[in-house]
Amino acid sequence: MIRLRLERRDSSPVWLSLVLPVAAVLATLLLCSGLVAMAGANVWTAYSTLFLSALSSRVHLVETFVKAAPLIFTGLAVAVAFRAKFWNIGAEGQLLAGAMAAAFVGAREGLPAWTLVPLMILAGAAAGGLWACVPAILRTRYRVDDVVSSLLLNSVIFYAMTALLDGPWKDPLSGYPDSPDILMEAEFPILLQGTRLHLGVLLAVVAAPAIWWVMRRTTLGFMIRAVGENPVASRYAGIQPGAVILKAALLSGALAGLAGVGEVGGLHMQVMAGISPGYGYTGIVIAMLARLNPLGIIPAALFFAVTVTGAESMSRATGVPVFLAEVIQGTALLAMLVALLFNTYRIRIASHG
Amino acid sequence: MNEPTPLLAMRGICKRFGAVQANSAVDITVQPGDILGLLGENGAGKTTLMNILFGAYSPDEGRIEIDGRKVNIHNSAAAIAHGVGMVHQHFHLVPRHTVLENLLVGRKGKRGLLDADAARRRLAEIGRHFQLILDPDRLVGDLTIGEQQRLEIIKALFAGARILILDEPTAALTPQEADGLFDALRAMAAEGMGVIFISHKLQEVRAITSHVTVMRHGRVVANLENAPEVSRHRLAELMCGRELTPAVKPERQPGRVLLRLDRVSTREPGRTNLAEVSLDVRAGEILGIAGVSGNGQRELADIVAGMLPLAGGTLEIDGTPVPGPSARRMQALGVGRVPEDRMVTGLITSLPLSDSMVLPRIGAPPFSRRGVLDHGAIRAFVEDQIGRFGIKAAGPDVRAGTLSGGNLQKALLARELAWDPLVLLAAQPTRGLDVGAARFVHDLFLQLRDRDRAVLLISEDLEEIFTLADRVAVMYEGRIAGILDIGDADVRTVGLMMAGAGGTA
């Protein structure tokens, strides 16, 4: 008889952390192929359309990055917070805070034109960061569960925003419950003519290595990890866990806020109720897929963006419903969680007579 | 050979973890009625061997025989089914449940019903038989450590254990509780059960076992009858593979006061309150703090670590009053700290060893400048300390949690001593360490004493205090019951003071 058993690894080799995500994606495609076949399509054609269409032309490729940009930011936001074991489920709300701040600043008349874009970025980051401090302070001061408070604060800010958009902040020109458009000078520059590749996308792609550097190479990153893994030992070593969690919350919220800034400054030029289709929540999945590694956030976000952009082409070409994208995303998360198991444990084959 | 069929035989067990050969060709046998002492330094392979027997690992080679028949033990359920029971150092009990409920956890009765009455009868029977008495209706959370251990043993017997493994069973017991445990083990042996007793305490191994297997570097180096001519000294040498000479404490004249507590009181809900604790530790002096656990030693340690606010009194380091102590302030004044619970308040077991070793100093040069880490300096420091203290670790990047207890303690000492502290606060510094590692720690303390540093040694091990300390202060219910020169103290007097029977204060 052959038995499989799990044994804990003493350390996990580097190659494994590269192989596991790939294996998880392959497993996902294998698992989902049954659904594709059930929809009556050729699995190979469906998958190749799904993935290749998103990469087939310059326009599609750029669109994939444009879709990935907010996911990169929210993924980074969650990764930073989770490292400190600050369970920030509020990236969605922090994104809205950032979007509102950017739309507000971007519509201000009378400021020098060149200051508008930097001010929007700063204001959006600040607004997201401050909004993330609310659950952080509630937790460090009053021991309020951060999962619950950060999640519920999403609703608070969402309904506050819709109230504003339906009232004092309603665009007087359109009459829709949207904010007035930002000034022309406040619109993010387009980096590639004829596409929607805007400054926010570049910021997102640069943010990932920057956050990697912060987490790996700075005392702040060190302390975030230390406090996350053992707050008691950190306290005895003279580190204030509360202060570190607050800093992590500020950084996390600022990143989520930047996701909102990019959507306002680069795509919508205004805030409306539907500005985020749940980017903040998807960021949690992406952060988990990337195993909280900032550099892994980019491929994880791109994977999501590819499945979303490719799903429509696939649907048109093969008749497979677009919802398959969501099935793939969900399955990928599960596959990754299983793959993580192999990062900590190895399988041993034990034969018994 | 016409030996009787052994109750348990493990033959030719080999187990490798990566580059480490944890067990190589290990043989042990337990006859019915045997109490086998399994001795060895940390990392000698005892725990691996027992984990194989209890089904946590499968051996790369070798076989396990019970009653002369080869058995396959691929998980703990199989081990239990074959009559193997294990009492770990850390108990697996549900504190909110009663003794009886804990016994019933995971057991199915007829038709899925738990038969509480039968369990009650069985519990009473086991209690009578082995002198393991426990009230079935008490909450486990209310039991003492000794009683919880008794419950773990009863659980194993309840599940039908005929071979009982005990891993460091006396580490947290008072001498009286340990005696009770030994009576129970002897009763089990008399019934024809087999007991495997893992311990570092050589006098206990001498006292209780019928024979002894000594392991070193994953191999069995000796297998002997426990006869009077086998001295503790001989066992210690077999374990660490070299001659051991007793630590020498030269005469010294203590210098100026480096640590002074003057009528220090604390008021912290849920903790023992210190009441007007006064003590001095001088340069070149080791002050031992004796006492039964829970009489304020932890609070005293936390005061000196800067982790507990003073409700009254004053604290001085080298003549500098510290009105509002904090961890950082005490560090800056030169207090080094080797905590009692290394894995909780000392190190970060889930992160690389190097992170733990620079944790208290990460915010300052050479480890960081203006908030940016200097990985080169960190690595150089950690590698240097690993070499200097002989820490057995594959490198600075291994998870701290993979190190053995002795090596973790060395890492902590390395981290604190690198900054040449004026005052070293050490709580239970050799708990769970083997002879060789404990000796290493003791020598370090004596070196500090030689270099005119002050050591505050909090220990529940009186032998350790009598070996190292110049004076001993006994704590009882948050007070200092008395301070004696070690030359004037004897175990009986100190023991009486520990029990609150007055002193010379």
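How far apart do the C-alpha centres of domain 1 of chain B and domain 2 of chain B lie? Select the two domains of chain B, 8–240 for domain 1 and 257–498 for domain 2, with bounds that come from an automatic or database domain assignment, and the C-alpha centres turn out to lie 33 Å apart.

Before going on, note that this is a predicted model, in which local features need pLDDT of at least 70 and side-chain atom pairs count only at pLDDT 80 or more, while totals for chains, interfaces and linings use all residues. Residues are numbered from 1 along each chain as its sequence is written, and chains are lettered from A and ligands numbered from 1 in the order in which they are written.

Next, select the boundary between these domains, where eight residues of domain 1 of chain B are in contact with ten residues of domain 2 of chain B (C-beta atoms, placed from the backbone, within 7 Å).

Then show both chains: 31 residues of chain B are in contact with 23 residues of chain A. On the chain B side, the elements giving two or more residues are helix 10 (327–332), helix 11 (342–346) and strand 18 (372–373); helices (H or I, at least four residues) and strands (E, at least two) are DSSP runs, numbered from the N terminus.

Finally, select chain A alone, which has 13 helices and two strands, and whose C-alpha atoms fill a box of roughly 85 × 60 × 30 Å along the principal axes. Among the contacts in chain A with a separation of 6 or more, 79% come from residues 24 or more positions apart.

Methods: Two residues are in contact if their C-beta atoms, placed from the backbone, lie within 7 Å.
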